[in-house]
Amino acid sequence: MNYLSLILWVMMFFVFAEFIFSKNDRICRQIYNMAFFALVFMVGIRYYYGPDIAHYVPFYNDLPNVWLVLTRQYASGFEYGFDVFCSAVKSCGFSFWWCTLFITLI
């Protein structure tokens, strides 16, 4: 089972649960909130899913401070805006996994 199938199955569980309790608004709201946060969690923690992750982790680990990126003293194979965003997140002390969560949420 691939990652997308797992997400779809979990969301289908919540759909059926909400269908079963459709008469009770309070429970439906709680099921909706649980489904929302479960979806954000599952999409946000992809970890090492996908072949391109081997390029992103070393890129993030080797980023200099945000000032060098803003003054274009650092060039990477990625877009300038992505370089600035990742450098700013790294300068705030966040790990690569927090950076991917922020990107996912945006």
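Contact here means heavy atoms within 4.5 Å. All views show a predicted model.

**Figure 1. Surroundings of Ser87 in helix H5.** Ser87 is found in helix H5. With a relative accessibility of 0%, Ser87 counts as buried. When residues up to four places away in sequence are left out, Ser87 touches Leu63, Pro64, Asn65, Val66 and Val69.

**Figure 2. The nonpolar cores.** The largest nonpolar core has 11 residues in all: Ile53, Val57, Phe59, Tyr60, Leu63, Val69, Val84, Cys86, Val89, Phe96 and Cys99. At least two residues of this core come from each of helix H3 (53-61), H5 and H6. The greatest contribution is that of H3, which gives four residues. A second core, separate from this one, consists of eight residues, among them Phe14, Ala35, Ala38 and Met42.

**Figure 3. Helix H2, its N-terminal cap and its buried residues.** Helix H2 comprises 20 residues (25-44), and its end C-alpha atoms are 28 Å apart. This separation agrees with the expected span of 28 Å, because a helix should extend by 1.5 Å a residue. At the N-terminal end of H2, Asn24 acts as a cap, with a side-chain oxygen 3.2 Å from the backbone nitrogen of Arg26. Along H2, the residues Cys28, Ile31, Ala35, Ala38, Met42 and Gly44 are buried. The elements that cover these buried residues include helix H1 (3-20) and helix H6 (96-105).

**Figure 4. The stacked pair of Tyr32 and Phe36.** A pair of aromatic rings is described by the distance of the centres and the angle of the planes. In the model, 13 aromatic pairs are counted. One of them joins Tyr32 and Phe36, whose rings are stacked at 6.5 Å centre to centre with 20° between the planes. Tyr32 and Phe36 are four residues apart in helix H2, so about one helical turn separates them. Phe36 counts as partly exposed because its relative accessibility is 41%, a value between the limits of 20% for buried and 50% for exposed.

**Figure 5. An aromatic cluster and a charge over Tyr60.** Tyr56, Phe59, Phe78 and Phe82 are linked into a cluster by ring pairs. In a further arrangement that involves an aromatic ring, the charged end of Lys90 sits over Tyr60, 6.0 Å from the ring centre. Phe59 and Tyr60 both belong to the largest nonpolar core.

**Figure 6. Arg72 in the loop between helices H4 and H5.** Arg72 is located in the loop that lies between helix H4 (66-70) and helix H5 (80-91). Although Arg72 is not a glycine, it has a positive phi of about 60°. The relative accessible area of Arg72 is 57%, and the residue is therefore exposed. Arg72 also lies over the face of Tyr80, at 3.8 Å from the ring centre.

**Figure 7. Helix H6 and the side chain of Thr100.** In H6, the buried residues are Phe96, Cys99, Thr100 and Leu101. Their cover includes H2, H3 and H5. Thr100 is placed in helix H6. Its relative accessibility is 14%, so Thr100 counts as buried. The side chain of Thr100 reaches the backbone oxygen of Trp97 at 2.8 Å. Phe96 and Cys99 of this helix are also members of the largest nonpolar core.

**Figure 8. Two exposed helical residues and their distances to other positions.** Phe19 is found in helix H1. Because its relative accessibility is 65%, Phe19 counts as exposed. From C-alpha to C-alpha, Phe19 and Val66 are 49 Å apart in space, and 47 residues apart in sequence. Ala54 has its place in helix H3. This residue likewise counts as exposed, because the relative accessibility of Ala54 is 51%. Ala54 and Ile31 are 23 residues apart in sequence, with 36 Å between their C-alpha atoms. Ile31 is one of the buried residues of H2.

Notes
Residues numbered from 1 in each chain as written. Predicted model: local features only at pLDDT ≥ 70, side-chain atom pairs only at ≥ 80, totals over all residues. Heavy atoms only, no water. Expected span 1.5 Å × (residues − 1). Buried < 20%, exposed > 50% of the residue type's maximum accessible area, 1.4 Å probe, protein only. Polar contact = N/O pair within 3.5 Å; in protein donor to acceptor, adjacent residues only side chain to side chain. Phe/Tyr/Trp six-rings, centres within 6.5 Å; stacked < 30°, edge-to-face > 60°. Lys NZ or Arg CZ within 6 Å of the ring centre and 35° of its normal. Core = buried A, V, L, I, M, F, W, Y, C linked by side-chain atoms within 4.5 Å.
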